Amino acid sequence: MSETSWKGLGHLFAWLGAGLFALGAVVALAFGTVLGALGHPFAAIDAAGTALVLFVVAALAVVFASLGRREGTDGSAVAGVLLIVVSVVGWAMLGLGANLLAFLGALFVFLAGLLYLVDPARKVVTAAVPS
């Protein structure tokens, strides 16, 4: 596959992961609203905080995916590493709790980061190994 196809697939996965993060945030916000209506204010605040974190992680995934697609190989490597960090931090902050959508979003963003790293890694290996 060419560099553009790896980047395109990574970009698609990052957007899909960001969409799942955003959908998880909407679900957490709706759950918090229901909890607030049922008279559990602290649980509602916790759900709203989770939704805020998920929205921020989704926005970061979109920003880094867009930067990685526009930049050359060096920008692709940096964006790939940052996408992996965003997915790991998002997963670590939220855990495997009740939000399966956020977990799937973290998985897709992690895979997007790996896809952004394919071409830079290939170039490093071919430069290091003489023909």
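Ala28 is found in helix α1, and in this predicted model that residue makes a convenient place to start. With a relative accessibility of 10%, Ala28 counts as buried, because the limit for that class is under 20% relative accessible area. Setting aside the neighbours within four places in sequence, Ala28 is in contact with Ala47, Thr50, Ala51 and Asn99. One of these partners, Ala47, stands 19 residues from Ala28 in sequence, yet the two C-alpha atoms are 5.5 Å apart in space.

The next residue to consider is Leu29, which also has its place in helix α1. Leu29 is partly exposed, with a relative accessible area of 39%, a value that falls in between the limits of 20% for buried and 50% for exposed. Once neighbours within four places in sequence are left aside, Leu29 is in contact with Ala48 and Ala51. Ala51 is therefore a partner of Leu29 as well as of Ala28, given that contact means heavy atoms within 4.5 Å. Leu52 lies 23 residues from Leu29 along the chain, and the C-alpha atoms of these two leucines are separated by 8.6 Å.

From these residues we can step back to the whole chain. The protein has four helices and zero strands, and along the sequence it follows the pattern α-α-α-α. Its C-alpha trace spans about 70 × 20 × 20 Å along the principal axes. Of the 131 residues in the protein, 34% count as buried. When contacts between residues at least 6 apart in sequence are considered, 79% of them join residues at least 24 apart.

In soluble globular proteins, nonpolar side chains tend to be buried together. Here, the largest nonpolar core has 19 residues, and those with the most contacts inside it are Ala14, Phe21, Leu54, Ala61, Leu83 and Val109. Two or more residues of this core come from each of α1 (3-37), α2 (41-70), α3 (73-94) and α4 (100-128), while α2 gives the most, with seven residues. Val109 shows how such a core residue is surrounded: not counting residues up to four places away in sequence, Val109 touches Phe13, Ala14, Gly17, Ala18, Phe21, Ala61, Leu83 and Ser87.

The packing of one helix pair can be followed in detail. Two packed helices are described by the angle between their axes and the distance between the axes. For α2 and α4 the angle is about 20°, and the axes are 11 Å apart. That makes α2 roughly parallel to α4, because angles under 35 degrees fall in that class. The crossing of α2 and α4 is left-handed. On the α2 side the residues that meet α4 are Leu54, Ala61, Ala65, Gly68 and Arg69, and on the α4 side their counterparts are Ala102, Val109 and Tyr116. By class, this contact of α2 with α4 has six nonpolar, one polar and one charged residues.

A last residue takes us to helix α3, where Gly90 lies. Gly90 is buried, with a relative accessible area of 1%. Ala79 is 11 residues from Gly90 in sequence, and their C-alpha atoms are 16 Å apart in space.

Note on methods: Residues are numbered from 1 along each chain as its sequence is written. This is a predicted model: local features need pLDDT of at least 70, side-chain atom pairs count only at pLDDT 80 or more; totals for chains, interfaces and linings use all residues. Side-chain values use heavy atoms; hydrogens and water are left out. A nonpolar core is a set of buried Ala, Val, Leu, Ile, Met, Phe, Trp, Tyr and Cys residues joined through side-chain atoms within 4.5 Å. Buried means under 20% relative accessible area, exposed over 50%, partly exposed in between (1.4 Å probe, protein chains only). Axes are lines fitted to C-alpha atoms, for helices over the stretch in contact, and angles run from 0 to 180 degrees between N-to-C directions. Angles under 35 degrees count as roughly parallel, over 145 as roughly antiparallel, 65 to 115 as roughly perpendicular and the rest as oblique. A crossing is left-handed if the near helix is turned anticlockwise from the far one by less than a right angle, and right-handed if clockwise. Ala, Val, Leu, Ile, Met, Phe, Trp, Tyr, Cys and Pro count as nonpolar, Asp, Glu, Lys and Arg as charged, and the others, Gly among them, as polar.
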